[in-house]
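Colleague: Please take me closely through a single part, one helix and what lies over its buried side, and then set it in the context of the other side-chain pairings. I would rather have one connected account than a list.

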Amino acid sequence: MVLLCFVLDLCSLPPPLLGDVKQSLLQLANYYAISSSSSRSSSLEDRIGLCYVFKCRISCSVELKIAYSPIGNFSLRNFHRAVNNLPSEAFLPEIDDSGALCCHDVKLSSVLSDQVLYSWGGKDVMRKVIVLSSCLPKHIDSAIKTSLAHAADKCVSVEFVLFEKRSGHLTDVQESINSFSRSISELDNCSLQMCLPDDKAFYSLVKRWLQDLKDDMEEPLQAQFIFKSNIVGSVNQITCNLYTSVNQIIDGFTPCQTCSCHGISLDEPVKNRAEAPSCPVTGHDLGKGEAIENSAKVGDKTILLMPSCQTLLRLQKVSSPIDFNIIEKTNLGSLSEGLFIGASYVVTPSSCHEMEATSDEIDEPELNSQIFQGLRSALHSMDQGLVCSSKCNMESMKEAAFHCYYILLPSSNGPMLLRRLAGSEEVLPVPDVGQLTTSSVTKEVENAIEDFLSKIETKDYNPVLHERGFHQKLNLLVKESLQFWSIIPPTDGANCELSPTQSEPSAVISQSNMAIEVAVQEENPQVNSTAKEDKTAASIAEEWEQLVVHEVPMIKSPVCITKSKLDHQSVMSPPDSNRQLDVKTSRILERLEVPKQLKAKVTSPTLTSNSISDTSAQAKKPLIPFQTIHASDKNLTSSQLIKPSFQRLKRKHV
């Protein structure tokens with residue numbers, strides 16, 4: 001977290017140059033207003049200070065004025081007012097005998113004081129003073145050196161930005177710059193940067209200042225690229241830093257309601273006029289006139305009070321077709337791939353495009369396809385792409401208040417590709433690569449690398465041959481889950497993916513046996529309690545419905561119970577409770593009743609309590625009643641299964 005203090009030497013900044021400096025400061029404030037912050041506060045902490053030095057025409061003395069003090073929360077509106085109110089008539093150059101511009105004291109001793117800089121921010125805040133001027137003194141006096149040394153002890157850095165001018169006194173100017181550079185070389189917290197006052201220079205300055213302001217900046221990611229064999233000597237890897245090349249900004253400004261007491265956006269606008277909104281800080285209801293409806297939300301933590309919000313509309317979903325306006329062509333060889341944002345879209349000619357055909361012999365889809373293929377082929381032969389502008393953000397599929405830039409990339413054959421391009425507000429500054437240009441590669445290392453690269457197999461990238469391993473990992477996970485279910489059955493409260501109608505056969509058999517045992521043991525009031533009845537009732541209904549209604553395939557059938565026993569259980573209540581089985585369970589048990597026309601032929605095994613207790617050791621009997629073997633049915637098996645009737649029976653109510 002860094003607090004920036006800008007000191008403008010208005011005596012040396014001509015009006016055109018001062019105008020560029022003003023625009024740069026306003027852009028910095030705008031970027032900071034929409035920047036993300038790790039703080040949970042609903043507002044941005046103020047970390048931009050603005051001072052300027054001018055020469056009073058009455059006293060002819062150089063004075064220091066504070067235009068904006070970073071106290072409390074950042075106010076974008078107040079900062080804009082302070083920058084726009086900077087005096088533009090303060091440029092009073094003085095020329096020495098050699099024709100060079102005379103430099104004045106920029107009052108650094110006054111800035112580096114408890115009354116100005118050290119009173120801004122907390123104790124743990126790092127501070128940085130940026131002096132903007134078009135001339136610098138040849139030497140720094142002892143008083144300023146003492147102030148700069150004292151500032152170093154308080155973690156304050158000072159950067160002098162010199163805007164160079166093309167003039168006939170380049171020799172004198174260069175001597176002055178060299179002398180000033182030597183005078184501050186002894187101070188570790190001071191630096192000098194020279195730049196030509198053009199658009200590229202100001203753009204780079206704003207981006208660097210923004211990096212200092214943002215508190216979410218961390219050290220670059222450390223990465224290492226490991227090779228299968230050694231590159232040079234015993235080294236088989238290279239270590240690198242990873243930086244982000246672009247940072248997407250917001251797509252528009254949102255109208256909102258704010259409270260007049262704190263100026264904070266209300267979470268949700270009040271739809272019912274009868275209900276009074278409440279302050280998000282105190283929670284008190286806001287009276288008439290205390291809720292400001294005409295407000296604009298800039299980013300997440302900046303609110304602007306507006307006279308009217310009729311021009312601000314919430315971002316709407318885009319409707320097809322999406323318009324892309326062609327702006328220009330660009331050479332693909334000079335296009336940096338670090339400017340690409342988001343996903344890629346494959347572009348093919350549409351068959352439902354409406355256009356006026358130039359010939360009656362060619363229909364609209366055919367002509368559209370020919371134009372598409374002609375553009376693709378021509379652009380590919382020229383190695384160029386088409387830069388487009390649109391009001392649609394393809395990431396969110398919503399309308400944007402600002403331009404979104406895209407590029408249409410050709411291919412050798414088939415479709416084309418649409419990629420999003422970063423705008424000037426979204427491009428981040430390139431990290432310092434001075435060490436890459438200063439260091440040279442020796443011939444020995446260069447030859448070793450060329451020999452190493454020649455040994456690596458070269459292939460055209462095919463995504464089919466580069467699986468991420470999703471299916472293998474998920475299949476292994478499911479296999480482990482199946483093994484777990486075969487060992488430990490799921491509990492009543494377990495949250496699993498198996499539905500009642502898709503349970504495993506082994507699990508159904510074990511659960512159905514348990515259900516039958518519970519149903520038989522309910523005859524003994526001394527064994528079961530009332531709490532178990534509630535659970536077994538639902539379990540019986542579920543398991544019998546699986547076995548009978550859904551016809552879950554099983555290897556063995558559970559032991560069946562006689563009709564008389566079932567009738568007795570479905571009607572009789574347990575001795576220790578006056579409850580009956582639920583209706584669903586009773587209906588399922590009634591479905592097991594033998595049809596009336598087969599009652600004379602059907603025999604069912606009668607089970608006793610002793611036989612029930614030994615069911616684990618005996619072979620399972622068929623669940624469905626079976627027919628006896630007659631002399632005429634010798635070709636049938638000894639137990640021909642009879643499918644029960646599923647006609648719904650009307651129960652008689654006593």
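Modeller: Contact here means heavy atoms within 4.5 Å of each other, and that is the sense in which I will speak of cover. Please keep in mind throughout that this is a predicted model.

The helix I would choose is α2, which spans residues 76-84 and in which Leu 76, Phe 79, Ala 82 and Val 83 are buried. Viewed down the axis of α2, these buried residues fall within an arc of 125°, so they line one face of the helix. As for what lies over them, the cover includes helix α1 (15-34) together with the strands β2 (48-55), β3 (62-68) and β11 (302-305). One of the buried residues, Phe 79, also belongs to an aromatic cluster, in which it is joined by Tyr 32, Tyr 68 and Phe 74.

That cluster leads on to the aromatic rings elsewhere in the chain. A pair of aromatic rings is described by the distance of the centres and the angle of the planes. With ring centres required to lie within 6.5 Å, the count comes to 10 aromatic pairs. Among them is the pair of Phe 160 and Phe 180, whose centres are 5.0 Å apart and whose planes stand at 85°, which makes the arrangement edge-to-face. This pair links distant parts of the chain, since Phe 160 is in strand β5 (residues 156-163) and Phe 180 in helix α5 (residues 170-184), 20 residues apart. Both partners have little accessible area by the numbers: Phe 160 is buried because its relative accessibility is 3%, and Phe 180 is buried at 1%. A further edge-to-face pair is formed by Phe 253 and Phe 402, at 5.5 Å centre to centre and 65° between the planes. Here, too, distant parts of the chain are linked, with Phe 253 in the loop between β8 (237-242) and β9 (254-259), Phe 402 in strand β15 (residues 398-409), and their positions 149 residues apart in the chain. The accessibilities are another matter, for Phe 253 counts as partly exposed at 33%, and Phe 402 also counts as partly exposed, at 27%.

Charged side chains come next. Side chains of opposite charge can pair when their charged atoms come close. With nitrogen and carboxyl oxygen required to be within 4 Å, the count comes to seven salt bridges. One of these joins Asp 114 and Lys 154, at 3.9 Å from N to O. Asp 114 sits in the loop between α3 (108-111) and β4 (126-133), while Lys 154 sits in the loop between α4 (142-153) and β5, so the pair ties together parts that are 40 residues apart in sequence. Asp 114 is exposed, its relative accessibility being 52%, whereas Lys 154 is partly exposed at 32%.

Strand β5 returns in another salt bridge, that of Glu 159 with Lys 128, with 3.1 Å from N to O. In this case Glu 159 is in β5 and Lys 128 in strand β4, 31 residues apart, and the pair again links distant parts of the chain. Both of these charged residues are buried.

A local counterpart is found in helix α9, where Lys 455 forms a salt bridge with Asp 451, the closest N and O atoms being 3.5 Å apart. Because they are four residues apart in α9 (residues 443-455), these two are separated by about one helical turn. Lys 455 is exposed, with a relative accessible area of 64%, and Asp 451 is partly exposed, at 42%. Returning to Lys 128 and Glu 159, salt bridges that share partners join them with Arg 208 and Asp 212 into one network.

Finally, for contrast with the buried face of α2, one may look at nonpolar side chains on the surface. Phe 470, Leu 474, Leu 477, Val 478 and Leu 482 make a nonpolar surface patch of about 480 Å². One of these residues, Leu 474, lies in helix α10 (residues 470-487) and is partly exposed, with a relative accessible area of 39%.

Notes: Residues numbered from 1 in each chain as written. Predicted model: local features only at pLDDT ≥ 70, side-chain atom pairs only at ≥ 80, totals over all residues. Heavy atoms only, no water. Patch = residues over 30% accessible without salt bridge, like charges linked within 9 Å, V, L, I, M, F, W, Y side chains within 5 Å. Areas by Shrake-Rupley, 256 points an atom, 1.4 Å probe, with all protein chains shown as cover. Buried < 20%, exposed > 50% of the residue type's maximum accessible area, 1.4 Å probe, protein only. Arc of directions from axis to C-beta. Phe/Tyr/Trp six-rings, centres within 6.5 Å; stacked < 30°, edge-to-face > 60°.
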